[in-house]
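Okay, thanks for squeezing me in. Let me put the model up, and then we'll walk through it strand by strand.

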Amino acid sequence: MQKSFRIAVIGFALAVFATPVVAQSKGRGAKDKSSGAVQAQVSVDVFDAIEIRLIRDYYGNAGQKPQALPPGIAKNLRRGKPLPPGIAKKSLPSDLSRNLPVREGVELVVAGDQVVMVRAGIVIDILAIFN
């Protein structure tokens, strides 16, 4: 009886602790079926260090500083909340967006002096262009 209990506990522990490792390995790269090439995809819902550097370098070298959002709208721009209605948003410049990693189902928009990561209308991360 005790031996079968130990085996059950070990089996359960393996199932619980092995599952996150398998889940994390998916989405690190997607294989392009036509060419066999692997395309980098980022599945984490925050800006990584490379993206932050690329975005800030781009706007720092552009010589123009975007206007900050009005305080009332900026106050409503929060992670986990819907993108505020009426917010003036623009697409990232194409020469910047093509240098950033591909994120499935995620849109990057410029709102004032911030780059906002949005999925299905919900803000998932915010990056101040100038800190």
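So, look at leucine 108 to start: across from it, in β5, stands methionine 117. Keep in mind that what you're looking at is a predicted model. Leucine 108 sits in β4, which covers residues 107-111, and β4 is joined to β5 by five bridges, with the two strands running antiparallel. They make a hairpin with two residues between them, and glycine 112 in that turn has a positive phi of about 65 degrees.

Carry on along the chain and you get another hairpin. β5 and β6 pair over six bridges, antiparallel again. If you want a spot to click on, valine 116 has isoleucine 126 in β6 as its bridge partner. This hairpin has two residues between the strands, and here alanine 120 takes the positive phi, near 55 degrees.

On the other side of β4 there's β3, joined to β4 through three bridges, antiparallel. Lysine 90 has valine 110 of β4 as its bridge partner.

Put that together, and what's the order of the strands? It's β3-β4-β5-β6, four strands in an open sheet with antiparallel pairing. The edges are β3, at 89-91, and β6, at 122-128, each pairing on one side only. On average, neighbouring strands are turned by 35 degrees against each other, ignoring direction. Helix α2, residues 49-62, packs on this sheet and touches β4, β5 and β6, with its direction at about 55 degrees to that of β6.

Now, is β5 mostly enclosed or mostly open? Five of its six residues are buried, so β5 is largely enclosed by the rest of the structure.

Which brings me to the cores. Nonpolar side chains in soluble globular proteins tend to be buried together. In this model, the largest nonpolar core has 14 residues, and those with the most contacts inside it are Phe47, Ile55, Tyr59, Leu92, Leu108 and Val115. Yes, that's our leucine 108 from the start. α2, β4, β5 and β6 each put in at least two residues. Apart from that core lies another one, of 10 residues, including Leu69, Val109, Ala111 and Val118.

Let me stay on tyrosine 59 for a moment. Leaving out residues up to four places away in sequence, tyrosine 59 touches Gln64, Pro66, Leu92, Pro93, Leu96, Val110, Ile129 and Phe130. And how many aromatic pairs turn up in a search of the whole structure? One. That pair is tyrosine 58 with tyrosine 59: the ring centres are 5.2 Å apart and the planes are at 85 degrees, so it counts as edge-to-face. As for burial, tyrosine 59 has a relative accessible area of 9%, so it is buried, while tyrosine 58, at 26%, is partly exposed.

Last stop, and it's a charged name for a change of scene: glutamate 51, which is in helix α2. Is glutamate 51 buried or exposed? Its relative accessibility is 0%, and the cut-off for buried is under 20%, so glutamate 51 counts as buried. What does its side chain make a polar contact with? The side chain of arginine 103, at 2.6 Å. Besides Arg103, and not counting neighbours within four places in sequence, glutamate 51 is in contact with Val46, Leu100 and Pro101.

That's my tour, so over to you.

How values were computed. Residues numbered from 1 in each chain as written. Predicted model: local features only at pLDDT ≥ 70, side-chain atom pairs only at ≥ 80, totals over all residues. Heavy atoms only, no water. Pairing = 2+ DSSP bridges. Axes fitted to C-alpha atoms, helices over the stretch in contact; angles between N-to-C directions. Contact = heavy atoms within 4.5 Å. Phe/Tyr/Trp six-rings, centres within 6.5 Å; stacked < 30°, edge-to-face > 60°. Buried < 20%, exposed > 50% of the residue type's maximum accessible area, 1.4 Å probe, protein only. Core = buried A, V, L, I, M, F, W, Y, C linked by side-chain atoms within 4.5 Å. Polar contact = N/O pair within 3.5 Å; in protein donor to acceptor, adjacent residues only side chain to side chain.
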